[in-house]
Amino acid sequence: DKDYGYPSAKFLESIFLSEFDLRESEYIKSMQKTTADWLSADHTFKSVMNIGYPRKVDGKWVKVYNALFCVLNEYGQIIKWRFTRSTESDETKALFQELSCRLKAQNNHIAAMYVDNCCQIRNKMRAFFDDNKLQVKLDLFHAIHRFLATIPKRLRARKIIAREYRNVFRAIGD
C-alpha cells in the first residue's frame with residue numbers, strides 16, 4: 001500500500017511477543033492440564049536459530065540456545081518444553097522430573113514413549129516415571145532414517161526403496 005506501507009518485521013514480532021506476554025500464564029495452565037497416554041520427545045534445531053543477540057563488540061549474532069526440546073502427547077499437543085544448549089540428557093532431567101510429578105498428580109499413567117535415542121535413555125525414563133514396564137521405543141522418523149542410512153547411496157534403487165519403505169508404516173485404509 002503506497003499510503004501506509006507495510007508493517008516491519010520488528011513491529012510484527014513485537015505484536016506476537018506482546019500477545020504471548022499477555023497470555024503466558026494461560027498457556028502454561030493449559031499445558032499443565034494436558035494429559036497423555038503416550039509421549040513423543042525430541043529436539044528440534046531450526047526453531048531456535050533466531051534466538052540470540054548481536055554482540056556489542058562486532059555485531060556478530062550470538063545464538064543463546066542450540067535446540068528446543070519438546071514433549072508431545074498422542075494428539076501432537078506440547079505438554080512440556082525447554083530450550084537447551086545441547087542434546088545431552090542432563091539438560092532435560094529436570095523437565096522429566098517435573099513432568100513425571102505432574103502426571104502422577106493427575107493419576108495419569110504413560111504406556112509408551114517414543115524418542116530418538118531409546119537404548120540410551122530407556123532406564124532413565126523408567127526411573128523418572130517409576131515404571132519398569134514403560135515401553136521406550138525409537139520414534140518412526142529416526143527408525144526410517146536409520147534403515148535408509150544402511151542402503152548405499154550409489155545403489156540405483158535407493159530412491160525407490162526409500163519411497164516404498166515409508167508405506168510400510170501407513171495405517172490400514174490410508
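This short presentation describes a surface patch, one loop residue and the cysteines of a single structure. Please keep in mind that the model is predicted.

I begin at the surface. Four residues, Phe11, Leu12, Ile15 and Phe16, make a nonpolar patch of about 420 Å². One of them, Phe11, sits in helix H1, which covers residues 9-33. Is Phe11 buried, partly exposed or exposed? Its relative accessibility is 48%, so Phe11 counts as partly exposed. The cut-off for exposed is over 50%.

I turn next to Thr92. This residue belongs to the loop that links strand S5 (78-84) with helix H2 (93-105). Thr92 has a relative accessible area of 5% and is therefore buried, because buried means under 20%. Which residues is Thr92 in contact with, once its neighbours within four places in sequence are left aside? They are His43, Phe69 and Thr84.

My last topic is the cysteines. How many disulfides does the structure hold? The number is zero. Cys118 shows why a pair of cysteines may not count: the closest cysteine sulfur to its own belongs to Cys119, at 4.1 Å, which is too far for a bond. A disulfide requires the two sulfur atoms to be within 2.5 Å. As for accessibility, Cys118 is buried, with a relative accessible area of 8%. Cys101, by contrast, counts as exposed, at 54% relative accessibility.

To close, I return to two residues: Phe11 is partly exposed, whereas Thr92 is buried. Thank you for your attention.

Key: Residues numbered from 1 in each chain as written. Predicted model: local features only at pLDDT ≥ 70, side-chain atom pairs only at ≥ 80, totals over all residues. Heavy atoms only, no water. Patch = residues over 30% accessible without salt bridge, like charges linked within 9 Å, V, L, I, M, F, W, Y side chains within 5 Å. Areas by Shrake-Rupley, 256 points an atom, 1.4 Å probe, with all protein chains shown as cover. Salt bridge = Lys/Arg side-chain N within 4 Å of Asp/Glu carboxyl O. Helix = DSSP H or I, 4+ residues; strand = E, 2+ residues; numbered from the N terminus. Buried < 20%, exposed > 50% of the residue type's maximum accessible area, 1.4 Å probe, protein only. Contact = heavy atoms within 4.5 Å.
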